[in-house]
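Please open the model in your viewer and keep the sequence panel beside it. The tour below moves from one selection to the next and says what to look for at each stop.

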Amino acid sequence: MAKRFGSKVPANQFDLPVEKGTGSIMDLAPEPPIAETAAERGLQGKVAPGKVEQRIDLIRWSQRTDVKKAWERLAAREGLEKDGLEKATWGFMGFVLGRNYNIVQSMSKARRLGWNGYIDTWDSLSECFNELEMEKILPRTTS
């Protein structure tokens with residue numbers, strides 16, 4: 001994703017300390033959903049409560065004056081929606097990217113119910129970004 005938008009990600013980015021006041025930690029439910037079937041899955045006593053740990057709290061980041069001004073300049077230069085920054089779902093994105101646990105999912109039930117489709121994750125993201133560029137929500141990229 002960084003390559004698409006012309007950014008470079010430092011190899012050690014997750015080893016660097018979190019800058020004071022930029023991150024956040026939110027505890028999730030004390031008993032995650034998998035705890036209901038932990039015993040039958042051999043996970044009894046091994047299921048810990050989840051957390052959302054963000055190195056950068058995206059909601060706070062999006063509300064910073066420097067970020068808002070940068071968006072204004074970018075929107076003006078690229079002809080983008082001026083209120084695009086405020087319309088973004090920063091809380092949801094922070095949750096999706098900030099979970100400190102893996103998700104194990106099965107498609108078996110969906111397939112039993114007739115959903116047999118497959119969509120490549122990157123292809124789907126690229127299509128979404130292309131649409132957002134056409135709608136002038138995101139600036140055009142060369143990818």
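Is Lys87 buried or exposed? Lys87 counts as exposed, because its relative accessibility is 58% and the exposed class begins over 50%. Before going further, bear in mind that what you have open is a predicted model.

**Salt bridges**

Keep Lys87 selected and add Asp83, since the side chains of these two residues meet in a salt bridge with an N to O distance of 3.4 Å. Asp83 is partly exposed, with a relative accessible area of 31%, whereas its partner Lys87 is exposed.

Next select Arg77 together with Glu78, and you will find a salt bridge in which the closest N and O atoms are 3.0 Å apart. Arg77 counts as exposed at 62% relative accessibility, while Glu78 is partly exposed, with a relative accessible area of 29%.

Then move to Arg64 and Asp66, whose side chains meet in a salt bridge of 2.6 Å, N to O. Here Asp66 counts as partly exposed at 43% relative accessibility, and Arg64 likewise counts as partly exposed, at 38%. A search of the whole structure finds four salt bridges, among them the one between Arg64 and Asp66.

**The segment before strand E1**

Now go to Arg4, which is placed in the segment before strand E1, the strand that spans 24–27. Which residue does the side chain of Arg4 join in a polar contact? Display Glu133 as well, and you will see that the two side chains are joined by a polar contact of 3.0 Å. Arg4 counts as buried, because its relative accessibility is 7% and the limit for that class is under 20%.

Step along to Phe5, which is also found in the segment before E1. Phe5 counts as partly exposed, at 33% relative accessibility, in contrast to Arg4, which counts as buried. Extend the selection to Met1, Trp122 and Leu125, and show the surface: together with Phe5, these residues make a nonpolar surface patch of about 360 Å².

**Helix H6 and what follows**

Select helix H6, which covers residues 121–134, and pick out Asp123 within it. Asp123 is one of the residues that form a negative surface patch, the others being Glu81, Glu127, Glu131 and Glu135; colouring the surface by charge is a convenient way to bring this patch into view.

Continue to Lys136, which lies in the segment after H6. What is notable about the backbone of Lys136? Its phi is near 60 degrees, a positive value in a residue other than glycine. As for its surroundings, Lys136 is partly exposed, with a relative accessible area of 40%.

**Strand E2**

For the last stop, select strand E2, residues 51–54, where Glu53 is found. Glu53 counts as partly exposed, its relative accessibility being 37%. Add Glu31 to the selection and draw a distance between the two C-alpha atoms: Glu53 and Glu31 are 22 residues apart along the chain, and their C-alpha atoms are separated by 17 Å.

Conventions: Residues numbered from 1 in each chain as written. Predicted model: local features only at pLDDT ≥ 70, side-chain atom pairs only at ≥ 80, totals over all residues. Heavy atoms only, no water. Patch = residues over 30% accessible without salt bridge, like charges linked within 9 Å, V, L, I, M, F, W, Y side chains within 5 Å. Areas by Shrake-Rupley, 256 points an atom, 1.4 Å probe, with all protein chains shown as cover. Lys, Arg positive; Asp, Glu negative; His and termini not counted. Charge placed at Lys NZ, Arg CZ, Asp CG, Glu CD. Helix = DSSP H or I, 4+ residues; strand = E, 2+ residues; numbered from the N terminus. Buried < 20%, exposed > 50% of the residue type's maximum accessible area, 1.4 Å probe, protein only. Polar contact = N/O pair within 3.5 Å; in protein donor to acceptor, adjacent residues only side chain to side chain.
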